[in-house]
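Colleague: I would be grateful for a close look at the surroundings of the ligand in this model. Please describe the contacts first and then the part of the chain that supplies them.

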Amino acid sequence: MRALYIGRFQPYHLGHHAVIKQIAYEVDEVIICIGSAQRSHELENPFTAGERYLMISKSLREDNVLNFYIVPILDVNRNAIWVSHVESLIPPVDVVYTNNPLIERLFKERSYKVHAPLLFNRKEYSGSEIRRRMLNKESWTGLVPKAVVEVIKEINGLSRMDDLRRSDT
Ligand code: ATP
Ligand code: MG
């Protein structure tokens, strides 16, 4: 059994991590799609696909989860063909795990089985909340796996976000 999990992972956090570890335990293989892969260096999407790839793979490997494949997916900006686009890039999957209502809708229309994983501490384990804290110099490192803290440090992510917020006026 092979499962699909999709996110933007800006950044990868402990909510994603808990869900993927659970799925990886239940199925043979998890395909993790990094959505909006072309986006980076924006306040809403600060990290590149490669940086997000590192965050996910290091975090899972450190917890001895090895049955995953990561596939970056570019936006096509046409919802009606988006599932075919994803299908063209991933191995065949039996089930899709998502809490996103649009993704659920699009895969159900193509006859996929869709499961909604439980949400973990959604108030704090949230990409938007973590980006907000990074910008405001509030504490965020407890909301992501240790490997993500290391990657963000390696790429100088906080200083990148400071620059993204600056304007030329
Ligand atoms: P953003 O605030 O930037 O949208 P996000 O935290 O929602 O970030 P996404 O990458 O958009 O993260 O989400 C990918 C998937 O992870 C979605 O299906 C989302 O519902 C799910 N998810 C997000 N936070 C949690 C959480 N705390 N527990 C379980 N699943 C989560
Ligand atoms: Mg989201």
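Modeller: In this predicted model, a polar backbone atom of N99 lies 3.2 Å from an oxygen atom of ligand 1. Two further backbone contacts accompany that of N99. A nitrogen atom of ligand 1 is 2.6 Å from a backbone N or O atom of F120, and an oxygen atom of ligand 1 is 2.7 Å from a backbone N or O atom of G127. Taken alone, ligand 1 would expose 590 Å², of which the protein buries 89%.

The space that ligand 1 takes up is the largest pocket. Three elements each give two or more residues to the shell around the ligand: β1 (2–7), α1 (14–26) and α5 (127–135). The surroundings comprise 21 residues, and those that come nearest to ligand 1 are Y5, F120, G127, S128 and R131. Sorted by class, the shell holds ten polar, eight nonpolar and three charged residues.

The loops that adjoin these elements deserve attention as well. Between β1 and α1 runs a loop that contains P11. The peptide bond that leads from Q10 to P11 is cis, with an omega near -5°. The loop between β5 (113–115) and α5 contains N121. N121 is a residue other than glycine, yet its phi is positive, near 40°. For comparison, most peptide bonds are trans, and most residues other than glycine have a negative phi.

It remains to place the site within the whole chain. The chain has five strands and seven helices. Read from the N terminus, its elements follow the order β-α-β-α-β-α-β-α-β-α-α-α; strand β1 and helix α1, which both contribute to the shell around ligand 1, therefore open this order, because elements are numbered from the N terminus. Along the principal axes, the C-alpha atoms fill a box of roughly 50 × 35 × 25 Å. The radius of gyration of the chain is 16 Å, which agrees with the value near 15 Å that a compact globule of 169 residues would have.

How values were computed:
Residues are numbered from 1 along each chain as its sequence is written. Chains are lettered from A and ligands numbered from 1 in the order in which they are written. This is a predicted model: local features need pLDDT of at least 70, side-chain atom pairs count only at pLDDT 80 or more; totals for chains, interfaces and linings use all residues. Side-chain values use heavy atoms; hydrogens and water are left out. A residue is near a molecule or strand if one of its heavy atoms lies within 4 Å of it. A polar contact is a pair of N or O atoms within 3.5 Å; within protein, one must be able to donate a hydrogen and the other to accept it, and residues adjacent in sequence count only if both atoms are side-chain atoms. Accessible areas come from the Shrake-Rupley method with a 1.4 Å probe; for residues, only the protein chains shown count as cover. On a 1 Å grid over the protein atoms alone, a cavity is a set of points where a 1.4 Å probe fits but cannot get out, and a pocket is an open set with protein on both sides within 12 Å along at least five of seven lines; lining residues have an atom within 4 Å of a point. A molecule sits in a cavity or pocket if more than half of its atoms lie within 2 Å of its grid points. Helices (H or I, at least four residues) and strands (E, at least two) are DSSP runs, numbered from the N terminus. Ala, Val, Leu, Ile, Met, Phe, Trp, Tyr, Cys and Pro count as nonpolar, Asp, Glu, Lys and Arg as charged, and the others, Gly among them, as polar. The radius of gyration is taken over C-alpha atoms; the globule rule is 2.2 Å times the number of residues to the power 0.38.
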